[in-house]
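Dear colleague,

I am passing on the structure that you asked to look at. Please open it beside this message, so that you can follow the notes as you read.

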Amino acid sequence: MTTKHTTEDIISNLPPVLSHTDAAPVHIQGNQMGLCLCPVCKKLNRTTNSNCRRCYSKLATRNYASVQQSWALLVTATILLVLANVYPITLLTNRGVVTNDTIFSGISHLVQTGMFPIAIIVFTASILVPWLKIFGLATYLAAISFNLPISKRKLMVGFHVIEWIGRWSMLDLFVISLTVALVNMGQLLDAKPAPAATAFALVILLTQLAAKVLDTRLLWDRLEKTHDTN
Amino acid sequence: MTQIESPKVVKKKLFSPIWLLPVVALILGAWLGVKSIKESGIEIMIHFPSAAGIDIGKTLVKYQGLTVGKVSDIGIDDDLKGVNVKVIMDYRADPFLNQNTLFWLVKPKASITGVEGLDTLFSGNYIAIQPGEGRSTTEFEAQREAPAILPGSEGIMVELKAPKLGSIDVGSPVFFRQVPVGSVVSYRLDGKKQIIISAFVQEQYTHLVHKDSRFWNVSGLKIDASLSGVKINTESIASILAGGISFDSGSETELAKNGDSYPLFHDEQSAIGGINVTLTAANADDISEGTALEYRGIKIGQVDSKQLTDDGVQFTAQVNHKYKDLITPDSRFWLSGAELSLKAMKNIGRLVTGSVISVLPGSQIATESMQFEIAPQAPDLLTADKLALTVEANTHTGVSNGAQVRYKQLPIGQIINVNLSEDFAKVEYQIEILPEFTRLVTQGSFFVPESALAINASLDGVSVATRDLTTMLEGAISLVPAKSKTLVTANDTLTLYESIEAAKSMFAKQQMRTMTLTSIDGADLAEGSPIYYKKMQIGAVSKVNWQAETDKFTVDISIDKKFTPLIKPNTVFWRNNAVAINASLAGVDIDVAPLKGAINGSITLGHLNTELANDTQANLRLYDSQALALMQAKVIDLILPVSAKITANAAIRYQGHQIGEISQVKLDPTLTTLNAKAYLYGDYAERFSRDDSEFFIVEAQISLAGIQAPDTLLTGPYIGVIPGNNTFTTNQFTALNHARLDANVPADAVRFQLVDNQLGSIKVGTPLFFRGINIGQIDGYQLADSGIDITLYAHVETQYRHLVNQSSQFWDASGIKLDVGLFSGAQLEAQSLETILAGGIAIATRDVTNDSNRLSANDRIKLQHKMLPEWAEWQPVQAR
C-alpha cells in the first residue's frame with residue numbers, strides 16, 4: 001500500500017506536462033510515461049535522455065544486467081558459504097594445543113557446554129541467516145529470471161525480511177574479531193581467525209551486494225505484469 | 001520530440017563479467033578443497049600396549065618438537081592386548097612412515113631406568129616419532145620406551161656408559177671447558193650394572209668430540225678444603241643442581257660419530273687418566289684412597305685403591321699422565337706426613353690433609369708394570385757420603401729418630417734408627433755423620449746423651465744446666481772425640497755412655513785394679529760406694545752380688561791404679577759405719593765417717609800391723625768394723641739356746657778377755673735356737689775354733705757371795721769360750737747355757753769333790769777359806785742320781801794347792817755360829833763377814849802335803865758341819 005501511495009505521490013508531483021496521465025491506473029510505470037529516475041541522484045529524467053540532467057549519470061529504465069550480476073554474486077556467496085562452513089573459522093591455541101573450530105563445531109561446543117541461548121543466536125546468525133538470505137535471494141532472482149509463480153505478497157514480505165535480517169549476519173564476524181582482539185596470550189591461550197572467517201565475511205558481503213545490485217524494478221515489473229490475485 | 005535521436009543500439013551482453021566472481025570463488029574453493037584433501041594427512045595406526053595418557057584429538061605426534069600428527073581415534077585391538085591408536089599424520093610426514101619408523105609415547109616418567117618427557121608436564125603427553133628406513137607402511141607397533149638415541153639433525157648424540165648415574169639428569173648440561181655445548185637427553189639402565197646416558201652435543205661443537213675424547217662427571221660441587229683455604233669448584237650453577245658432564249677434545253683427528261659410545265668417568269682425574277703404579281707397604285697407616293702422590297710438593301697422582309695382600313698392603317695409584325715420565329723403575333716412594341716438632345714444623349697442612357706419598361723420579365726407562373715399595377722415610381741422597389756408625393748403649397737414653405748428633409753443640413749428624421741389638425743386651429743407634437765432620441770421629445771416640453736439663457745436686461751445691469729446646473724434645477747425643485788420629489771406618493760400633501762422668505768412670509774402671517770382697521751381708525753398700533784409705537777415696541764399689549749358695553755377698557771393688565801399691569798381703573777391708581760410737585767404761589770414742597761414705601756406705605782399706613801369713617782369701621773378707629778387720633777376725637756360726645739374751649755386738653770372752661764378738665743374731669725358724677754369726681779375732685781364732693772349743697753364755701749372777709760377771713749388767717750377756725785342744729778346726733759351734741763347772745778353774749788348780757747331805761747355804765762361788773784366807777771356791781754342785789747326797793765341786797787356787805791334801809778337813813763355815821750355854825756363856829763364831837752373808841767352807845789340814853796325798857779331781861771328801869777343836873791345833877808346815 002505504501003508503494004501505491006508513493007507511486008501516486010510521485011505521479012501527483014509530476015510536472016504538468018504529465019498531467020494527462022492523471023487518469024492512468026496506479027500500476028502505470030514511469031518508463032511507460034517516458035520517465036526514469038537517475039539511479040544516483042534520484043532525479044526524474046526522461047527516458048530519452050541517456051544521461052541524468054543533474055549528475056550526468058548514465059540513465060537506464062531497466063537494468064537487466066543486474067539480475068545476472070546478482071546471480072553471479074549469489075553463486076559466489078554460495079560457494080564461499082560452503083567453504084565457510086567446511087573450513088575452520090577460528091584457530092584456538094590453548095596451552096600450546098591448537099584447535100580448529102568450524103562454525104558448526106563451535107555451535108556444537110556451545111551446545112555441549114550447555115549454552116543454548118548463545119548457541120541459538122550463533123546458529124541463527126552464522127548458519128540460518130546466511131543460508132536463508134542466499135535461499136531468499138535465489139528465490140527472487142529465480143522469480144525474476146524464470147517467472148516463478150510466487151505470490152506478490154510473499155515476495156514483498158520476504159524481500160523486506162531479507163533486507164532487514166541480512167545485516168545481523170555480521171554477528172559472527174564481530175564475535176571472532178572481538179575474540180581475536182581480546183584473547184591473545186601467545187602459546188597459552190590465543191585465538192586467530194581461520195580461512196573460513198574470510199569466506200564467511202565474503203559471503204555476507206556478497207549477499208549484501210547481490211541484494212543491492214539487483215534492480216528491484218525488474219521485480220516490480222514482474223509483479224505489475226502478472227495478474228496478482230492477491 | 002522534434003528531434004529524433006538516432007537510437008542507440010546497445011549490444012546485449014550475454015555474460016556479465018561479474019560471473020568471474022563465482023568462477024574465482026569456485027576456483028578458490030576447489031583449490032582449498034584440493035589443498036585440504038591433499039593436506040588432510042595420512043591415517044596411520046599405532047599399536048600401543050595401553051591407551052593411558054593418550055587422548056583422542058589431543059595427543060599429538062611430534063618429531064623434534066614439531067607436531068606432525070594427531071591422535072584421531074583409539075580402539076581396542078582384536079585380542080584385547082592393547083589399543084590401536086589412529087593417528088592422522090601430517091601429509092609431509094609421509095616419507096617417514098616406513099617400516100623401521102619408531103613411535104613411542106612420551107610422558108613424564110621417573111623410574112629406575114630413566115627420566116624423560118619433562119616437557120610433557122606442560123604440553124601433555126605426546127607420541128614421538130623417529131623416522132626409519134624400510135618400505136612405507138601405515139601400521140606400527142609402539143616402543144615401550146624412548147630409543148636411546150634421538151635423531152639429531154643438528155649435533156651428535158653420544159652414549160656415555162657409567163656405573164652409576166650420580167646426579168646427572170635429563171637436561172644436565174654437557175660442558176667443554178665450562179662452555180655448555182649440549183645436554184643429556186636421556187638415560188637408561190643397560191642390564192644390571194651399567195647406565196647408558198645419551199648426551200647431545202650441539203652441531204657447532206661437534207668438532208670438539210673426537211674418538212678419543214674423555215667424558216667425566218662434573219656434577220655437584222667439588223670442595224677442596226685445605227689449609228690454604230676452601231676452594232669450591234663447579235662447572236656451573238646448573239651443574240650443581242642438575243649435574244653435568246664435561247669432556248675434553250682428545251687428540252685424534254677423527255671426529256666422533258652419532259651414537260659413539262664412551263665411558264663416563266667419575267671425575268676429571270680419572271678421566272684424564274694416567275699410568276697406574278703399584279705400591280706396597282707393610283701397613284696402610286696414613287695412606288688412604290685419595291692420598292696424593294707428590295713430587296716437589298706438586299700432586300702428580302693419587303692412590304686409587306688399596307687392598308690387603310699376604311705380606312702387607314698393596315696400593316694402586318694413578319699418576320697423572322703428564323707426570324708419567326717421573327715414574328720409572330728406579331723411582332722411589334716414601335711416605336711423608338706432617339713433621340711436628342719444636343725443632344721444626346714442616347708440612348703442618350698434612351695434619352689435616354693427611355700424609356702424602358712423595359716421589360723421587362728415577363732415570364731409567366719406564367716399563368709397563370711397575371711396583372714400588374713405600375719407604376717410611378725419605379731416601380737420603382747424601383747417604384753415600386755420610387758416615388754410618390752404630391752406637392751402642394746399655395739403655396735407651398730417650399733420643400728419638402732424627403735426633404741430632406752434636407759436637408760442641410753443633411749438629412754433625414743425626415740418629416737414623418734406634419733399635420735393640422740382636423741379643424737384646426744393648427740398644428743400638430744407627431747414626432749418620434755428615435761428610436764434613438767424619439774426621440772428628442776417631443777410634444776411641446764415644447758419645448754421651450745431651451740431657452735437656454742437667455740438675456747436679458751435690459754437697460757442693462746444686463747446678464742446673466739446660467740445653468736448647470730441641471734437645472729437650474728430641475734429645476741429642478754428643479760426640480766426645482778421642483785423641484787418637486785413626487779414623488773410624490763406616491759401620492764401626494762406638495759406645496754411648498750415660499754421661500761424660502760415666503764414660504770417664506768407665507775408662508777409669510778399665511784402668512783400675514778390681515778385687516772381690518766377701519761379706520756376710522750387704523754391708524749397706526751400693527754401686528759407687530767409695531773406698532777410702534786413710535779417709536781418702538781410692539776407689540769405689542762396682543757391684544754387690546748375693547751368692548745364693550753360701551748366703552753371702554760378694555762386693556766387687558775397683559781401686560784406682562795409682563793406689564794399687566796399697567794392695568798387699570796384709571791389706572784388709574772393713575766397712576765404715578756412718579758413726580761409730582765406741583762407748584765403753586773406758587770412755588766414749590766417736591768416729592764419723594766421711595759424709596759421702598756415711599750416706600752411701602763405704603769401705604776402708606787398711607793394713608794389718610803384722611805381716612800375717614794368712615791366706616789372701618781371708619784378707620778379702622769385708623769386715624764389719626775396723627777392729628774386726630785389724631783383728632783378722634774369723635767368722636764362726638754359733639747356735640745359741642733360744643733363751644739366751646745375746647745381742648749383736650755381744651763380746652766373746654775368754655777369761656774375761658775379749659777374743660771376738662757377735663755380729664748378728666737371728667732366731668732360727670724352728671724357734672728352738674738362735675743362730676748367730678760371730679767373729680773370732682784373728683789372733684785367737686785358731687785356738688778357739690778348734691772343734692772341741694766350748695762356747696757358753698755368761699750372764700751376771702748376783703748372789704750374797706757377790707756379783708759374778710758384773711760387767712754384763714751393763715753390756716748384757718756375753719759369750720764365754722773355752723779353747724779346745726783338738727787339731728781340727730770348725731766354724732760351727734753350739735753355745736751352752738752355762739759354762740762347764742770348771743770352766744773358770746785354772747788348769748793347775750787343785751780340784752776335788754765335797755760330799756754333803758744338805759746344800760745349805762752353799763752356792764756356786766762359795767769361797768773356801770784357809771785360816772780366813774780365800775783360797776778357792778765351790779764351782780758347782782750336783783745332786784747324786786741316787787738322791788742320797790750332794791756332790792760339791794771345788795777347787796783351790798794354784799798358789800794354795802800345797803795347803804790342801806787328803807788329810808784336810810772341810811767344814812761348813814756358813815752363817816754365824818752362836819753357842820749359848822748357862823755356864824759357858826755365849827760364844828759367837830764366825831769366819832768372816834762374807835761367810836756370814838754368803839756362806840763359806842773352812843779348811844784345816846793335818847799333814848804336810850806331799851805327792852802321795854795330793855787331792856785329785858775324783859777325790860770325794862765329806863763336808864763336815866762342825867769344826868772339831870783339834871783341827872785348830874793342826875799346824876803342819878807346808879812347803880810349796
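The notes below go from the two chains as wholes to one helix and then to one barrel.

Please keep in mind throughout that this is a predicted model, and that the values I quote were computed from it.

**The two chains**

Chain A has eight helices and six strands, and if you follow the chain from the N terminus on, its elements come in the order α-β-β-α-β-β-α-α-α-α-β-β-α-α. Of its 230 residues, 29% are buried, and among the contacts in chain A with a separation of 6 or more, 58% are between residues 24 or more positions apart.

Chain B, for its part, has 13 helices and 63 strands, and 31% of its 880 residues count as buried. Where contacts in chain B link residues at least 6 apart in sequence, 68% of them join residues at least 24 apart.

**Helix H1 of chain B**

The helix that I would ask you to look at with some care is H1 of chain B, which covers residues 20–38. With 19 residues at 1.5 Å a residue, this helix should span 27 Å, and since its end C-alpha atoms lie 26 Å apart, the expected and the computed values agree.

Which residues of H1(B) are buried? They are Leu21(B), Pro22(B), Ala25(B) and Gly29(B), and because these residues cover an arc of only 90° around the axis, they lie on the same side of H1(B). It may help to recall that an α-helix has 3.6 residues a turn, so residues three or four places apart point the same way.

The other side of H1(B) carries exposed residues, namely Val24(B), Ile27(B), Ala30(B), Trp31(B), Val34(B), Lys35(B) and Lys38(B). As for the buried residues of H1(B), what covers them includes a helix from the other chain, H2 (65–86) of chain A, so that you will need both chains in view to follow this part.

**A barrel in chain B**

Chain B also holds a closed barrel of seven strands, which runs S19-S22-S21-S20-S26-S23-S27 and has mixed pairing. From one strand to the next, the twist averages 35°.

Within this barrel, strand S19 (residues 274–281) and strand S22 (residues 312–320) of chain B run antiparallel and are joined by eight bridges. To find this pair in the model, you could begin at Thr278(B), which stands opposite Thr316(B) in S22(B).

With best wishes

Conventions. Residues numbered from 1 in each chain as written. Chains lettered and ligands numbered in written order. Predicted model: local features only at pLDDT ≥ 70, side-chain atom pairs only at ≥ 80, totals over all residues. Helix = DSSP H or I, 4+ residues; strand = E, 2+ residues; numbered from the N terminus. Expected span 1.5 Å × (residues − 1). Buried ≥ 20, exposed ≤ 12 C-beta atoms within 10 Å, placed from the backbone. Arc of directions from axis to C-beta. Contact = placed C-beta atoms within 7 Å. Pairing = 2+ DSSP bridges. Axes fitted to C-alpha atoms, helices over the stretch in contact; angles between N-to-C directions.
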